[in-house]
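Reader: I'm in my first year and still learning how to read these models. Could you take me through one small part of this one, slowly, and show me how it sits in the rest?

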Amino acid sequence: MLNKLFTKISGGSTSGTPAEANAVYAPMTGSIVILDQVPDPVFSGKMLGDGLAILPSSGDVLAPFDGEVVSLFPTGHAIGLVSDGGIECLIHIGIDTVEFNGTGFTAKVEQGDKVKKGQLLIKADLAVIRASGKDIITPVIITNPTVWQPVQLTSGEVQAGKDIVFRVAKKG
């Protein structure tokens, strides 16, 4: 449904067209949260870049676009990707989850791997995160904001790998 909305807004198509190159799909299923509502000033203050967050209902983290894994934290709580078109994206699962030292996170890819949109990247055990008292909210950040800026951010519920959470436009 969201893809149809974006198609109408952008005048493009959502399957196999150049417009898709600027799309960032939901890496997790859940509810969209505005970035300034994330309970961590690094993310809410947009210190790493702009984007949004997802309050996940499932711990599967999927590739938001075709690209490459450029950084995978040894703890498995965060992953950096770059799309084939040069969009840099950080997916940070939960707040302060680096403190788990990998407990509750299983990486399914390695740094340097090429990935396809919808491919499983990480399995996160949301129950482990919740039991620790940590927030499961997951920021999805464009980390090269001098080149790309998110536009057409969505709201509501999203399904991982199926719904576009935002498109990006080149700055300048």
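Author: Let's zoom in on one loop and then step back to the whole protein. Before that, some ground rules: this is a predicted model, so local features need pLDDT of at least 70, side-chain atom pairs count only at pLDDT 80 or more, and totals for chains, interfaces and linings use all residues. Residues are numbered from 1 along each chain as its sequence is written, and side-chain values use heavy atoms, with hydrogens and water left out.

Our spot is leucine 48, in the loop between helix 2 (41-44) and strand 3 (50-56). Helices (H or I, at least four residues) and strands (E, at least two) are DSSP runs, numbered from the N terminus. Is leucine 48 buried or exposed? Neither, really: leucine 48 is partly exposed, with a relative accessible area of 36%. For these labels, buried means under 20% relative accessible area, exposed means over 50%, and partly exposed is in between (1.4 Å probe, protein chains only).

Who does leucine 48 touch? Skipping residues up to four places away in sequence, leucine 48 touches Val42, Phe43, Leu90, Ile141, Ile142 and Thr143, where contact means heavy atoms within 4.5 Å. Leucine 48 and proline 145 are 97 residues apart in sequence, yet 8.5 Å apart in space, C-alpha to C-alpha.

On the outside, Leu48 joins Val42 and Met47 in a nonpolar surface patch of about 260 Å². Patches take residues with over 30% relative accessible area and no salt bridge, joining like charges within 9 Å and nonpolar side chains (Val, Leu, Ile, Met, Phe, Trp, Tyr) within 5 Å. A salt bridge is a side-chain nitrogen of Lys or Arg within 4 Å of a carboxyl oxygen of Asp or Glu. The areas come from the Shrake-Rupley method with a 1.4 Å probe, and for residues only the protein chains shown count as cover.

The loop between helix 2 and strand 3 also holds lysine 46. Lysine 46 has a positive phi of about 60° although it is not a glycine. Most residues other than glycine have a negative phi. At 42% relative accessibility, lysine 46 counts as partly exposed.

Now hop over to asparagine 144, in the loop between strand 11 (138-142) and strand 12 (148-151). Asparagine 144 is buried, with a relative accessible area of 9%. Again leaving out residues up to four places away, asparagine 144 touches Gly86, Ile87 and Glu88. A polar atom of the asparagine 144 side chain lies 3.1 Å from the backbone nitrogen of glutamate 88.

What about the inside? The largest nonpolar core has 34 residues, and Ile54, Ile79, Leu81, Leu121, Ile122, Val165 and Phe166 touch the most other members. Apart from that core lies another, of 10 residues, among them Leu35, Ala78, Leu90 and Ile141. A nonpolar core is a set of buried Ala, Val, Leu, Ile, Met, Phe, Trp, Tyr and Cys residues joined through side-chain atoms within 4.5 Å. Leu90 and Ile141 may ring a bell, as leucine 48 touches them.

Finally, the wide view. The protein has three helices and 14 strands, and buried residues make up 46% of its 172 residues. Among contacts between residues at least 6 apart in sequence, 68% join residues at least 24 apart. The protein exposes about 7900 Å², with carbon and sulfur atoms supplying 53% of it.

Note on methods:
A polar contact is a pair of N or O atoms within 3.5 Å; within protein, one must be able to donate a hydrogen and the other to accept it, and residues adjacent in sequence count only if both atoms are side-chain atoms.
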